[in-house]
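Subject: Structure for your review

Dear colleague,

Please find the structure below, followed by notes on what turned up in it.

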Amino acid sequence: VVGAIGKGAFVEILDLASLRPLGSLPEPHGGEAVADLTFVPGAASAPSLLTCGADGAVKLWDLRAGPKAAGQRLLRQPNELEPTTAVSASADGQLCAIAVSKGSGPSLSAPLAILDLGSGK
């Protein structure tokens, strides 16, 4: 079982039993801060991690080969004018919700987008 923590511009993958680092995803958002991350439920045989960042991108990471060889799929293009602030996966691992910041500063009325993780749309 693995866990992940975001630390500024990179994500560290940990073994939950020992809290031993397994590796990291250096600069998963091109040097911009990682705003949020979550594991995708139901993906035990193929551990997947969602990240969103200050660059506005949302990425799905396939961790089967380990953090150093993690493959990524871009679900939302970078847009620095609309940074993403939160990401969450549905309980069945089929959908994700992302919060998008409009303008400067935090907003209680940040728009939400729902994406199908299978198609990326």
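**Findings**

In the protein, residues 24 or more positions apart account for 34% of the contacts with a separation of 6 or more. Please keep in mind that this is a predicted model.

The protein has 121 residues, and 40% of them count as buried. Its accessible surface comes to about 6,500 Å², with 57% of that belonging to carbon and sulfur atoms. The secondary structure consists of ten strands and zero helices. Along the sequence the pattern therefore reads β-β-β-β-β-β-β-β-β-β.

**The sheet E8-E9-E10**

Three strands form an open sheet with antiparallel pairing, in the order E8-E9-E10. Strand E8 (84-89) and strand E10 (112-116) are the edge strands, each pairing on one side only. On average, neighbouring strands of this sheet are turned by 20 degrees against each other, direction ignored.

E8 pairs with strand E9 (residues 95-100) over five bridges, in the antiparallel sense. Two positions illustrate the register. Valine 87 is opposite isoleucine 98 in E9, and alanine 89 has cysteine 96 in E9 as its bridge partner.

**The turn between E8 and E9**

E8 and E9 make a hairpin, with five residues between them. In the turn, glycine 93 has a positive phi of about 75 degrees. Aspartate 92 also lies in the loop between E8 and E9.

What does the side chain of aspartate 92 reach at 2.9 Å? The partner is the backbone nitrogen of glutamine 94. The aspartate 92 side chain also makes a polar contact with the side chain of serine 90, at 2.6 Å. Farther along the chain, aspartate 92 and glycine 42 are 50 residues apart in sequence, while their C-alpha atoms are 6.2 Å apart in space.

**Cysteines**

How many disulfides does a search of the whole structure find? The search finds zero. Cysteine 52 is in no disulfide, and the nearest cysteine sulfur, that of cysteine 96, is 9.3 Å away. A disulfide requires the two sulfur atoms to be within 2.5 Å, so a pair at 9.3 Å does not qualify. Cysteine 96 is likewise in no disulfide, and the nearest cysteine sulfur to it is that of cysteine 52.

Both of these cysteines can be placed by accessibility. Cysteine 52 has 0% relative accessibility and counts as buried. Cysteine 96 is buried too, with a relative accessible area of 2%.

**Threonine 51**

Threonine 51 belongs to strand E5 (residues 48-53). Is threonine 51 buried or exposed? Its relative accessibility is 0%, and the cut-off for buried is under 20%, so threonine 51 counts as buried.

The side chain of threonine 51 makes a polar contact with the side chain of tryptophan 61, at 3.0 Å. Leaving aside neighbours within four places in sequence, threonine 51 is in contact with Val11, His29, Asp36, Leu37, Ala57, Val58, Lys59 and Trp61. Tryptophan 61 thus appears in that contact list as well as in the polar contact.

Regards

Technical notes:
Residues are numbered from 1 along each chain as its sequence is written. This is a predicted model: local features need pLDDT of at least 70, side-chain atom pairs count only at pLDDT 80 or more; totals for chains, interfaces and linings use all residues. Side-chain values use heavy atoms; hydrogens and water are left out. Helices (H or I, at least four residues) and strands (E, at least two) are DSSP runs, numbered from the N terminus. Buried means under 20% relative accessible area, exposed over 50%, partly exposed in between (1.4 Å probe, protein chains only). Contact means heavy atoms within 4.5 Å. Accessible areas come from the Shrake-Rupley method with a 1.4 Å probe; for residues, only the protein chains shown count as cover. Two strands pair if DSSP finds at least two bridges between them. Axes are lines fitted to C-alpha atoms, for helices over the stretch in contact, and angles run from 0 to 180 degrees between N-to-C directions. A polar contact is a pair of N or O atoms within 3.5 Å; within protein, one must be able to donate a hydrogen and the other to accept it, and residues adjacent in sequence count only if both atoms are side-chain atoms.
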